[in-house]
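Good morning, everyone, and thank you for making room for me in today's meeting. I would like to walk you slowly through one structure, so please keep the picture in view while I talk.

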Amino acid sequence: MRNKKMTNRQLKALETKKALFESAMTLFREQGFDNVYIEDIAEKAGTSKGSFYTYFKTKDDVIIEHYKKIDERYEEVFRELPPILSASEKLVQVLTAGIVFSEKLDPEILSIVLINQLNQKDVASFIMNRKRSLYKITHHLVEEGQLNGEFTNEIDSNQLTDMLLCYYKGLYLDWCLTKGGFDFVERSENELTILIRKLLQKKEDPHVASEE
């Protein structure tokens with residue numbers, strides 16, 4: 001439905017941006033981020049150097065595009081969550097969706113993405129930005145769980161969000177360090193479920209106690 005409302009020019013622009021993004025990520029994997037030039041990306045995408053600058057200011061912006069895409073996925077899953085789900089179930093579904101999205105890249109590409117963000121010295125890392133959808137959605141669901149009595153109120157919602165996302169980011173790092181040495185989705189879903197129950201839920205919850 002969305003595409004029918006777009007003009008041919010707009011569709012062409014989306015295709016060009018996608019081609020540039022995918023070409024850049026492929027070249028980063030094959031040659032290393034520092035060894036790839038804008039001209040290389042444009043040539044592989046079948047367009048001009050000037051066209052690259054229409055969509056990206058620098059190579060770093062290509063990396064940021066990955067996080068924008070993954071944030072779009074978090075938002076999409078969040079919007080489609082059935083209201084009947086508990087806050088725990090919603091959190092697992094949203095966070096696992098990010099893992100599924102990133103698994104489509106290989107560990108080498110994801111490593112380049114992470115290294116790029118670690119090397120940001122002059123500006124705050126996009127991955128740590130609290131305005132990201134990842135942080136806002138996670139914080140919203142943590143607060144939802146606290147309000148409905150599912151999660152503990154003994155710890156501030158901001159701190160709980162930070163603790164949960166710290167572990168979440170660690171899963172990405174571990175997958176990269178092991179070169180994809182484990183089932184990224186299965187392990188993440190299982191461990192996030194355990195972590196949320198242990199970290200967030202109230203100790204006196206009989207449902208949790210029975211499962212333990």
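**Two sides of a helix**

Let me begin with the face of α8 that is turned away from its buried side, where we find the exposed residues C166 and L177. Please keep in mind that what we are looking at is a predicted model.

Now turn to the other side of α8, where the buried residues are S157, L160, T161, L164, L165, Y168, L171, Y172, W175 and C176. These buried residues lie on the same side of α8 because they cover an arc of only 165 degrees around the axis. As for the helix itself, α8 is made of 21 residues, and the distance from its first C-alpha to its last is 30 Å, close to the 30 Å expected at 1.5 Å a residue. What do the buried residues of α8 pack against? Their partners are α4, α5, α6, α7 and α9.

One of those partners, α9, can be described in a similar way. It has 16 residues and reaches 21 Å from its first C-alpha to its last, which is close to the 22 Å expected at 1.5 Å a residue. In α9 the buried residues are F184, V185, S188, L192, I196 and L199. Seen down the axis of α9, these residues fall within an arc of 90 degrees, so they line one face of the helix. The buried residues of α9 pack in turn against α5, α6 and α8.

Let me move on to the second largest pocket, which holds about 450 Å³ of space. Which helix supplies the largest share of the lining of this pocket? The answer is α8, with eight residues, while α4, α6 and α8 each supply at least two residues of the lining. In total the pocket is lined by 24 residues, and those that lie nearest its centre are L114, I127, K169, Y172 and L173. You may recognise Y172 from a moment ago, since it is among the buried residues of α8. If we sort the lining by class, we count 16 nonpolar, six polar and two charged residues.

For the last part, I would like to set two glutamates side by side. E65 lies in helix α4, and E30 is found in helix α1, which runs over residues 8-31. Is each of them buried or exposed? E65 counts as buried because its relative accessibility is 11%, below the cut-off of 20%, whereas E30 counts as exposed because its relative accessibility is 53%, and exposed means over 50%. Leaving out residues up to four places away in sequence, E65 touches K17, F21 and F56. For E30, I can also offer a distance: its C-alpha atom is separated by 27 Å from that of M128, and the two residues are 98 residues apart along the chain.

The helix that carries E30, α1, has 24 residues and reaches 34 Å from its first C-alpha to its last, close to the 34 Å expected at 1.5 Å a residue. Its buried residues are T16, L20, F21, S23, A24, M25, L27 and F28, and F21 is one of the residues that E65 touches. What covers the buried residues of α1 includes α2, α3, α4 and α6. Just after α1, G32 takes a positive phi of about 95 degrees, and with that residue I will stop.

Notes: Residues are numbered from 1 along each chain as its sequence is written. This is a predicted model: local features need pLDDT of at least 70, side-chain atom pairs count only at pLDDT 80 or more; totals for chains, interfaces and linings use all residues. Side-chain values use heavy atoms; hydrogens and water are left out. On a 1 Å grid over the protein atoms alone, a cavity is a set of points where a 1.4 Å probe fits but cannot get out, and a pocket is an open set with protein on both sides within 12 Å along at least five of seven lines; lining residues have an atom within 4 Å of a point. Grid points are joined across faces, edges and corners, and a volume is the space filled by probe spheres set on the points. Helices (H or I, at least four residues) and strands (E, at least two) are DSSP runs, numbered from the N terminus. Ala, Val, Leu, Ile, Met, Phe, Trp, Tyr, Cys and Pro count as nonpolar, Asp, Glu, Lys and Arg as charged, and the others, Gly among them, as polar. The expected span of a helix is 1.5 Å times one less than its number of residues. Buried means under 20% relative accessible area, exposed over 50%, partly exposed in between (1.4 Å probe, protein chains only). The arc is that of the directions from the helix axis to the C-beta atoms. Contact means heavy atoms within 4.5 Å.
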